[in-house]
Amino acid sequence: MKKLTERLRRNALLDVLFSLKGNPRACIWVEPLWGIPYTLYLPYVTLFMTAIGLSYAEIGYITSITMVSQMICAVLSGVLTDKLGRRKCTVIFDTLSWSVPELLWMLSQNFTWFAVAAVFNGMWRITENSWYLLLIEDAEKDQAIALNSLSQIMGLIAAFVAPLSKFAVDAFGVVPTMRVLYGFACVSMTAKFWILYYWGTETRNGLRRMEATKNQSIFKMLWECKDIYLRIIREKRMLLTLAILSLYMLVTTLNGNYWSLYICDVLGIREGDVSLFVTFKSLVTMCCSFLLVAKIRYQSIRWPMLASLAAFALSQALLLIPLGPVRVPALVLSVALEAIAVAVLGPVTGSLVFINAEEDERARIVGMVYATVALVVSLFPSLVGMLAQRSLRFPFYVNLGLFAVLAVLAIAISRLPAADKDA
């Protein structure tokens, strides 16, 4: 047992976990209160939407509304994060972007409910900025990927309880189960937001930015964002970062919207069994995070990204091949490959902005980057949703094309020198 413990401690990811202090510790350890309810209901979101009468095209419209809201909020995120501070901004907009929508989703009756909830939910772009800086700003740069991976892992802890949603769906149906899960999510997530607020502290850079901006108006700070944006698009590394984040978000958005529908309507998987595949995916992602991500350094992301993109592309291709009687084993393999890819791509892409952005303007740079990402992505879900009305295979064909472009971008960014070290 002593040797096993020592071996685990030599794992770089576990070493970071065991040594967490301050805001990183607060952010990581309360994350399951958000991740568990989210993972429980996530596989059934689109099934719930169709069950109460939404069409595939309307699902695409909802996604586009969310993305437009995200775009607007992402522009505001940097300014609000600097003015309010990372800690206060996080608790205010986490409550608005998750607690309120969860309540609306629980009570939803038609498209209008989801549209209103989408507007509120888009505000998570503000807290993505403030929470991420709260997590990572006082940490060392070489811990960025590890901290991103740990936050992903803590959200995947729900894998151990996710089968409960299968039994509930089998026993009571999708609609009643989802209403209960949304209600549970509202309570659990709200508790997480306020525990983090009282446990966390403002970051050192956050205090500097609050002091520097306390006499500046929000409108003046927003006007200054144009100069920051020009710096972003003129710097090749940031421009490539922008492109990678945009395409990867589009991939995950399309996959998240249509995967459950596809495996149920096309592959014939029972609705209740969806959570079993999600549980398997979560467990594989967790294992790969410890085995693979622990070895990745931000200076050398080229081959990890390319291998992960290839695995993700193969997982989508397996869904599209007509395998008949072996469709379930093929789906299991597809899920495993996707899990391996996400274990690497999630933390790596999530770290790119932090690694490449200058410290003093990090909040506004992150905000402008994600505003552009949301703008790029917002147009596609509606279009893909209309095409999905004809065939649910179409979103996955789009993703295969996006993987090829992402591979080219990964090679391009890996050839550029980093600000301080070679990438």
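Which residues does Trp259 touch, not counting residues up to four places away in sequence? Select Trp259 and you will find Leu254, Val274, Phe277, Val278, Leu319, Leu331, Val335, Glu338 and Phe396 around it, where contact means heavy atoms within 4.5 Å.

Before moving on, a word about the model. It is predicted, with local features needing pLDDT of at least 70 and side-chain atom pairs counting only at pLDDT 80 or more, while totals for chains, interfaces and linings use all residues. Residues are numbered from 1 along each chain as its sequence is written, and side-chain values use heavy atoms, leaving out hydrogens and water.

**Stop 1: the cores**

Keep Trp259 selected and add Tyr41, Met178, Ile263, Leu331 and Val369. In the largest nonpolar core, which has 100 residues, these six touch the most other members. A nonpolar core is a set of buried Ala, Val, Leu, Ile, Met, Phe, Trp, Tyr and Cys residues joined through side-chain atoms within 4.5 Å. Buried means under 20% relative accessible area, exposed over 50%, and partly exposed in between (1.4 Å probe, protein chains only). Now colour helix α15, residues 236–265, which gives the most to this core with 17 residues. Helices here are DSSP runs (H or I, at least four residues), numbered from the N terminus. For a second, separate core of 26 residues, pick out Leu14, Leu20, Leu156 and Met286, which are among its members. In soluble globular proteins, nonpolar side chains tend to be buried together.

**Stop 2: a patch on the surface**

Next, switch on the surface and select Phe160, Val161, Leu164, Phe167 and Leu283. They form a nonpolar patch with about 490 Å² of accessible area together. Such a patch joins nonpolar side chains (Val, Leu, Ile, Met, Phe, Trp, Tyr) within 5 Å, from residues with over 30% relative accessible area and no salt bridge; the areas come from the Shrake-Rupley method with a 1.4 Å probe, and for residues only the protein chains shown count as cover. Phe160 sits in the loop between α10 (144–156) and α11 (163–172), and is exposed at a relative accessible area of 57%.

**Stop 3: helix α13 and its charged partners**

Go to helix α13, residues 204–213, and select its buried residues: Asn205, Gly206, Arg209 and Thr213. They lie on the same side of α13, because they cover an arc of only 100° around the axis, taken from the directions from the helix axis to the C-beta atoms.

Stay with Arg209 and show Asp82 too: their side chains meet in a salt bridge (3.2 Å, N to O). A salt bridge is a side-chain nitrogen of Lys or Arg within 4 Å of a carboxyl oxygen of Asp or Glu. Asp82 belongs to helix α6 (residues 56–84), and the two partners are 127 residues apart. Arg209 is buried at 11% relative accessibility, and Asp82 is buried at 0%. Add Arg86 and Glu137 to see a network of salt bridges that also includes Asp82 and Arg209.

**Stop 4: two further salt bridges**

The structure holds 12 salt bridges. For another, select Glu224 and Arg364, whose side chains meet at 3.0 Å, N to O. Glu224 is in helix α14 (residues 218–234) and Arg364 in helix α19 (residues 362–388), so this pair ties together parts 140 residues apart in sequence. Glu224 is partly exposed at 22% relative accessible area, whereas Arg364 is buried at 5%. Finish with Lys226 and Asp227, which form a salt bridge at 3.7 Å, N to O. Lys226 is partly exposed at 36% relative accessibility, and Asp227 is partly exposed at 38%.

Technical notes
Helices (H or I, at least four residues) and strands (E, at least two) are DSSP runs, numbered from the N terminus. Patches are made of residues with over 30% relative accessible area and no salt bridge: like charges are joined within 9 Å, nonpolar side chains (Val, Leu, Ile, Met, Phe, Trp, Tyr) within 5 Å.
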